[in-house]
Amino acid sequence: MALLTLSNAHLAFGHVPLLDGTAVSLEAGERIALIGRNGAGKSSLLKILAGLEKPDEGTLQLQTGLRRVYVAQEPLFEPGISVFDAVSVGVAEARALRERFERHDPSDDLDDLMTRLEHLEGWTWEQRVDEALHRLRLDGSLQVDALSGGTKKRVALAQALVAAPDLLLLDEPTNHLDIEAIEWLQTLLNERAGALVLVSHDRAFIDAVATRIVELDRGMLRSYPGSFAAFEKTKARELEDEALERARADKLLAQEEVWVRKGVEARRTRSVGRVQRLVKLREQRAQRREQLGRVKLELDAGLPPGKIVAELKHVGMQYGERVLIDDFSGTILRGDKVGLIGPNGVGKTTLLKLILGELQPTRGSVRQGTKLQVAYFDQMRAGLDLDATLADTISPGSEWIETGTSRKHVMSYLTDFLFSPERANSPVRTLSGGERNRVLLARLFALPANVLVLDEPTNDLDIDTLELLEELLQSYAGTVFLVSHDRRFLDNVVTSTIAWEGDATYGGRTGLWREYEGGYEDWKQQRERGRVALAAAAPPAAPAAPAAPKPTASSRNEPAKTKLSFKEQRELDGLPARIEALETELAAIAAELAGADIYTKQPQRVPVLQARHEALEEELLAAMERWEALGAR
């Protein structure tokens, strides 16, 4: 029996139906990615499946005892609650049951309590909460009220994950997560036994997680098994077939219209059946829901800048004791498409401001190019006035948009971004998240700019718009700085990557940034090698000889070296194998701790493995420092 079945669902807001006789079923263990255009009704459908809303018509059948957890795009929490307590809400039932068991109330059936605790994995609820907090980089002692919107989303995600429901429903789960957290979420969702329905536009995430893709298109659901690439091929064929079928229908309708308008002689002999068929064809044409057009994006590259956009030499940036950037050098040329990769909070925005001259480094130098015209895309939409109309947001004080050599009326320009003229005077607050991002793009592209700074532009955008934005940026003559956690988007747009590699676990020094050719996959392939090569801090100075000879001109710049003893040489030769063995064991323990089985079947091993993991990290760091020290000699 299916876990969940939705039949003949109808839902409409206004005159356009979001669901038009829709049906879908979900089997145990299935992971469905729900995709579709912005405003198509995906979030509304997800809420119906979660039991939070009801369709206008239709039935939703659930398997008995099915536990569902829903994570909204913008979650809400109780005021004054801490992060730890907010996440613990996901295990509230298990927590209460264990408290009852530990009280040994004579009225309780202990066997029944133990059975329910086993089912809910209640014995280890604290470990599950701590694991989720650690993986999503959350401080359990903080107050939720003081957090940013993106961090609140991560708290809601942690709350849902620790609940371990039979069915997990996620609305845009990767928004505001960094790449490491997204990859961890992928692993967790693939390992958990429960079913999943998620709304997402992250194509790499969909490919990694989903077993089936379901598209909501013009009120109907269509199912596509397999990868996203397979879906795209099948969808393209379907749209071609649909276009041919509609062309035939339009041709037949035109022929019948000609026939019915013939002269008196023809009308004497026309058949009642043929007239009725014409009426039916007219009704079908009137009721047809055409596929929405694509957003039309055009960029004005502004005045050509100089060849060099920015040149950084040994740049460092420090706030108090915190080092964000340490000794970074690089040159950005006109036309470069640069991606910035790193966890949230490591200094990507700070590095961008240094490059563009908005901040001065604490050490080193930055030289900006000439004639730079910079336009910004802000992921938090801070520049949007929610009470302003769409027209005033795009072109304040004017009815015309000037883009390079062309001039467009604001109504026509909004139509390019799939906003009807009727909505031009609607306030921005009435728009969905994806529609607000389209408004930001529309305003951004109305500005002449030869440098684009895009901070998470892909959040909430539908896949069609994402692909068109990729094409636009690829052909854009100016320079692009892209901060994004969308791996597919990075691979398709950027020509080079500046990545944060200041992870002390792998020997990287604080504030370390490195530049790579290519996109995310290119960086990923070189990351492990780079981490080992940059494992230790500056190599230790060689011990001074008792009577060092005066250096000659040829040797003045060469570091002093001493010959290794036989024992030290053997140690140096054996260190790479030892480091590899330590890394292998670390990875195995991390994978075991990331799984759910150990917390239910062998909870006593958890603290042992955690202690071993910490000891291995210290051993690994010491081994790499020793390797660097011996190699320097």
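These questions and answers look at a few local features of a predicted model.

Reader: How do helix H3 and helix H4 run relative to each other, roughly parallel or roughly antiparallel?
Author: The axes of H3 (residues 92–103) and H4 (residues 110–120) come within 10 Å and cross at roughly 150 degrees. Angles over 145 degrees count as roughly antiparallel. Therefore H3 and H4 are roughly antiparallel.

Reader: How many nonpolar residues and how many charged residues are in the contact of H3 with H4?
Author: From H3, the contact includes Glu 93, Ala 94, Leu 97, Arg 98, Arg 100 and Phe 101. They meet Leu 110, Leu 113, Met 114, Arg 116, Leu 117 and Leu 120 in H4. By class, no residue in the contact is polar, and the count is eight nonpolar and four charged.

Reader: Which kind of aromatic pair do Phe 101 and Trp 123 form?
Author: A search of the whole structure finds five aromatic pairs. In the pair of Phe 101 and Trp 123, the ring centres are 5.2 Å apart and the planes stand at 85 degrees. Planes over 60 degrees apart count as edge-to-face. The pair is edge-to-face.

Reader: Where in the chain does Trp 123 lie?
Author: The pair links distant parts of the chain, with Phe 101 in helix H3 and its partner 22 residues away. Trp 123 is in the loop between H4 and helix H5 (125–135).

Reader: Is Trp 123 buried or partly exposed?
Author: Phe 101 has a relative accessible area of 16% and is buried, because buried means under 20%. Trp 123 has a relative accessible area of 30%. That value lies between the limits of 20% and 50%, so Trp 123 is partly exposed.

Reader: Why is the pair of Phe 228 and Phe 231 called tilted, and what is the angle between the planes?
Author: Both residues lie in helix H9 (residues 228–260), three residues apart, about one turn of the helix. Their ring centres are 5.4 Å apart. Planes under 30 degrees apart count as stacked and those over 60 as edge-to-face, with the rest tilted. The pair is tilted because its planes are at 45 degrees.

Reader: Which residue joins Phe 228 and Phe 231 in one aromatic cluster?
Author: Phe 228 is buried at 2% relative accessibility, and Phe 231 is buried at 6%. The residue that forms one cluster with them is Tyr 224.

Reader: Which residues does Asp 387 touch, not counting residues up to four places away in sequence?
Author: Asp 387 lies in the loop between strand E14 (374–377) and helix H13 (390–394). Its C-alpha atom is separated by 6.1 Å from that of Val 428, 41 residues apart along the chain. The residues that Asp 387 touches are Pro 427 and Arg 429.

Methods
Residues numbered from 1 in each chain as written. Predicted model: local features only at pLDDT ≥ 70, side-chain atom pairs only at ≥ 80, totals over all residues. Heavy atoms only, no water. Axes fitted to C-alpha atoms, helices over the stretch in contact; angles between N-to-C directions. Helix = DSSP H or I, 4+ residues; strand = E, 2+ residues; numbered from the N terminus. Parallel < 35°, antiparallel > 145°, perpendicular 65-115°, else oblique. Contact = heavy atoms within 4.5 Å. Nonpolar A, V, L, I, M, F, W, Y, C, P; charged D, E, K, R; others polar. Phe/Tyr/Trp six-rings, centres within 6.5 Å; stacked < 30°, edge-to-face > 60°. Buried < 20%, exposed > 50% of the residue type's maximum accessible area, 1.4 Å probe, protein only.
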